[in-house]
Amino acid sequence: MPSLWRPTAQIVESGAYRANVEDDTPLQDSGSDTGPARRPPKWLVSAEARGGAGCPGPGVYAGTVRIDIVTIFPEFFGVLDVSLLGKARQSGLIDVAVHDLRDFTHDRHRTVDDTPYGGGPGMVMRPEPWGEALDAVLASERMPGAGTLASAAMPAPSHERMPGAGDPVVVFPSPAGTPFTQATAAELAQEQHLVFACGRYEGIDQRVVEYAATRGRVREISLGDYVLNGGEVAAMAMVEAITRLVPGMIGNPDSLDEESHEGGLLEYPSYTKPAEWRGLEVPPVLLSGNHAAIAAWRRDQQLERTRRVRPDLLPE
Ligand code: ADE
């Protein structure tokens with residue numbers, strides 16, 4: 001079966017959601033045309049490990065932010081293992097699993113796209129693998145207010161029960177979405193379960209978005225007014241911006257209050273030792289020890305910088 005990765009065990013790492021840790025055996029050539037076989041990264045969840053589509057995994061306890069990412073390019077998300085986010089995953093604050101959309105196909109070529117109805121250039125992602133992938137990642141959801149996992153009891157999609165607070169948020173990164181801002185990041189950092197559905201080509205069949213809205217709270221979100229080749233880079237940026245706002249992620253939470261976009265202004269410039277470097281001096285007020293003067297200087301810098309670089313952020 002053509003496959004980029006052939007993971008052999010579930011690899012979600014943290015806390016209650018932890019299952020078998022990956023084995024270390026190198027993979028055999030998968031027979032795909034994508035080059036020599038590579039080892040699956042630690043965070044890639046295989047369909048086998050999950051027990052097949054629809055098989056619920058163990059739930060995530062309150063306090064852990066669960067993030068599922070569905071993509072045809074799981075290797076994009078290797079960066080999740082480094083830096084702060086990697087540490088948060090190890091500590092159990094954040095539980096990220098990446099799922100290969102092609103694991104939810106059933107044909108020999110693991111097809112995920114087809115030509116658009118109505119004609120036009122490019123290809124559109126077919127709904128069937130997306131439906132199965134979303135069912136699988138949403139299947140182990142805790143129902144709001146219930147102490148148990150919903151798993152098999154998850155209601156069939158219907159209009160009887162509309163998703164509401166406490167249900168997972170399904171994010172479709174899209175240049176046609178609403179702009180992603182610091183406020184969006186702060187809002188999503190409050191959620192217990194985020195699912196990122198990363199489209200490629202000309203996008204995902206719109207019925208997938210409609211279907212997702214029967215199982216979770218859908219957000220179509222754009223990283224900015226430009227077009228990327230797919231949702232992966234946008235999802236990665238959003239995951240980083242969101243997870244750093246999760247309580248416990250940043251050692252000194254005060255630093256969050258002072259950075260750009262908190263309070264609607266850009267951040268003031270920062271300096272460290274030495275006080276003079278290559279003939280350039282640190283502004284004397286920062287060496288004065290006068291806290292009120294320093295605070296006033298920083299505020300002026302924020303206003304001046306925002307006015308110069310991002311006047312659109314200031315009130316009329
Ligand atoms: N996919 C392609 N372009 C995008 C963008 N600007 N934001 C989010 N997802 C995208």
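R161 lies in the loop between α3 (127–138) and β6, in what is a predicted model. With 13 C-beta neighbours inside 10 Å, R161 counts as partly exposed, because a residue is called buried at 20 or more such neighbours and exposed at 12 or fewer. Its C-alpha atom is separated by 7.8 Å from that of T214, although R161 and T214 are 53 residues apart along the chain.

**The chain as a whole**
- The protein chain contains 8 helices and 10 strands, and buried residues make up 29% of its 316 residues.
- Among contacts between residues at least 6 apart in sequence, 74% join residues that are at least 24 apart.

**Strand β7 and its partners**
- Strand β7 (residues 193–197) is mostly covered, with 5 of its 5 residues buried.
- In a regular strand the side chains alternate between the two faces of the sheet.
- In β7 both faces are covered, since the buried residues comprise H193, V195 and A197 on one side and L194 and F196 on the other.
- Strand β2 (residues 65–71) pairs with β7 in the parallel sense over 5 bridges, and the bridge partner of I69 in β7 is F196.
- The pairing of β6 with β7 is also in the parallel sense, over 3 bridges, and here V170 has V195 of β7 as its bridge partner.

**The nonpolar core**
- The largest nonpolar core has 46 residues, and those with the most contacts inside it are I69, V171 and A197.
- Once its neighbours within four places in sequence are left aside, V171 is in contact with L194, V195, F196 and A197, residues that belong to β7, and also with R219, I221 and M238.

**Helix α6**
- Helix α6 (residues 232–243) has 12 residues, which at 1.5 Å a residue should span 16 Å, and its end C-alpha atoms are 16 Å apart, in agreement with that expectation.
- The buried residues of α6 are E232, A234, A235, M236, M238, V239, I242 and T243; one of them, M238, is a contact of V171.

**Around the ligand**
- The residues around the ligand are P173, S174, P175, S222, L223, G224, Y226, V227, L228, G230, G231 and A234.
- Strand β6 (residues 169–179) supplies the largest share of this shell, namely 3 residues.
- By class, the shell holds 7 nonpolar and 5 polar residues, and no charged residues.
- A234 takes part in the shell around the ligand and is also buried in α6.

Technical notes:
Residues numbered from 1 in each chain as written. Predicted model: local features only at pLDDT ≥ 70, side-chain atom pairs only at ≥ 80, totals over all residues. Near = placed C-beta within 6 Å. Helix = DSSP H or I, 4+ residues; strand = E, 2+ residues; numbered from the N terminus. Nonpolar A, V, L, I, M, F, W, Y, C, P; charged D, E, K, R; others polar. Expected span 1.5 Å × (residues − 1). Core = buried A, V, L, I, M, F, W, Y, C linked by C-beta atoms within 7 Å. Contact = placed C-beta atoms within 7 Å. Pairing = 2+ DSSP bridges.
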